[in-house]
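Student: I am new to this one. Could you show it to me and let me ask how each label is earned?

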Amino acid sequence: MATATSRRSDRSVSPVFLGIAAVTAVAGWAVWTGFSTAPGFAVFLFVTGAWIVSLCLHEYAHARTALHGGDITVGAKGYLTLNPLKYTHAMLSIVLPVIFVIMGGIGLPGGAVFIEHGRIRGRWKHSLIAAAGPLTNVLFAVVCTAPFWLHALDGVPAGFRYALAFLALLQVTAAILNFLPVPGLDGYGVIEPWLSHGVRRQIEPFAPFGLLAVFAFLWVPSVNSVFFNAIDAVLRGLGVTEWDTYWGQRLYRFWQGTPEIPSLIR
């Protein structure tokens, strides 16, 4: 009985996550209805809240897939509760991604759940565990852009449309960055099980610096241009224009002053 109760508590949704989801929902309602006297701040709360929700789901996907793959310890670690405070590196998984969104509008991939890979048998399982997180960002991007590629934007308030576009931008950047085959990122985790033991041992010391190397490269103007052109191409394919994402980010940065929200794409 005690064990069953413990398992239920290990997998029940955390009040912390529910609180974040509630704030996101209320902020989204305020953006939709125009209830807030400060629309930029409402967009900020909505996008930031939804971004944190997606980060929690990203890590949950890793943990849940690992559970089915054989790592039964993820429940006791609290990874199945969607509570961001349970993550091994809350700074990397929540704080830094939010800071990067505020500073540059980039969906920074996090890294937080500790998987006991020794409990998991089979290379395909290891690859699937690594892919589960960024696939969640892909799914989130599809959901955010659905009104655009389904041409279902009639009656959608401009502010809400732009907020969705900016949120989609974050999800696409997070998915692409995370799928890069760079040590320390999920993309490398997908291919790592298929590498020889010797190659893995040689690459392992560089894993903590992989993400830093990626962002160092993004500071190179030519690399930055190629990267964001690729992001724009993906978003255009999903029906989201540069106009939409520009105004989404402009509204998000409410501290720069809230502009008059344009109602039509030019």
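Student: What pattern does the protein chain follow when read along the sequence?
Tutor: Along the sequence the pattern of the protein chain is α-α-α-α-α-α-α-α-α-α-α. Its secondary structure amounts to eleven helices and zero strands, where helices (H or I, at least four residues) and strands (E, at least two) are DSSP runs numbered from the N terminus. This is a predicted model, in which local features need pLDDT of at least 70 and side-chain atom pairs count only at pLDDT 80 or more, while totals for chains, interfaces and linings use all residues. Residues are numbered from 1 along each chain as its sequence is written, and side-chain values use heavy atoms, leaving out hydrogens and water.

Student: Why is the protein chain called as compact as a globular protein of that length?
Tutor: The radius of gyration, taken over C-alpha atoms, is set against the globule rule, 2.2 Å times the number of residues to the power 0.38. For 266 residues that rule gives 18 Å, and the protein chain has 19 Å, which is close, so the chain is as compact as a globular protein of that length. Its C-alpha atoms fill a box of roughly 55 × 55 × 35 Å along the principal axes.

Student: How many of the contacts join residues at least 24 apart?
Tutor: A contact means heavy atoms within 4.5 Å. Among contacts between residues at least 6 apart in sequence, 73% join residues at least 24 apart.

Student: Why is Thr173 called buried?
Tutor: Buried means under 20% relative accessible area, exposed means over 50%, and partly exposed is in between (1.4 Å probe, protein chains only). Thr173 has a relative accessible area of 0%, so the residue counts as buried. Thr173 sits in helix α6, residues 158–178, and leaving aside neighbours within four places in sequence, Thr173 is in contact with Ile106, Gly107, Phe227 and Ile231. In the protein chain, 47% of the 266 residues count as buried.

Student: What makes Gln171 buried?
Tutor: The relative accessibility of Gln171 is 0%, so Gln171 is buried. This residue also lies in helix α6. Beyond neighbours within four places in sequence, Gln171 is in contact with Trp51, Ser54, Asn137, Phe140 and Ala141.

Student: How do you know that Gly210 is buried?
Tutor: Its relative accessible area is 4%, so Gly210 meets the cut-off for buried. Gly210 belongs to helix α9, residues 210–218. Setting aside neighbours within four places in sequence, Gly210 is in contact with Val182 and Pro183. The C-alpha atoms of Gly210 and Val182 are separated by 5.9 Å, although the two are 28 residues apart along the chain.

Student: What makes the phi of Leu82 worth a remark?
Tutor: Most residues other than glycine have a negative phi. Leu82 is not a glycine, yet its phi is positive, about 65 degrees. Leu82 lies in the loop between α3 (39–69) and α4 (90–104), and its relative accessibility is 8%, so Leu82 counts as buried.

Student: Is His151 buried or exposed?
Tutor: His151 has a relative accessible area of 69%, so His151 is exposed. Phi of His151 is also positive, near 55 degrees, and the residue lies in the loop between α5 (123–149) and α6.

Student: Why is Lys86 called partly exposed?
Tutor: Its relative accessibility is 45%, which falls between the two cut-offs, so Lys86 counts as partly exposed. Lys86 lies in the loop between α3 and α4. Not counting residues up to four places away in sequence, Lys86 touches Lys77, Gly78, Tyr79 and Thr81.

Student: Why is the pair of Phe254 and Trp255 called edge-to-face?
Tutor: Rings of Phe, Tyr and Trp (its six-membered ring) pair if their centres lie within 6.5 Å; planes under 30 degrees apart count as stacked, over 60 as edge-to-face and the rest as tilted. By this rule the count comes to 15 aromatic pairs. For Phe254 and Trp255 the centres are 5.4 Å apart with 80 degrees between the planes, so the pair is edge-to-face. Phe254, at 27% relative accessible area, is partly exposed, and Trp255, at 41%, is partly exposed too. Ring pairs link Phe41, Phe44, Phe166, Tyr252, Phe254 and Trp255 into a cluster.
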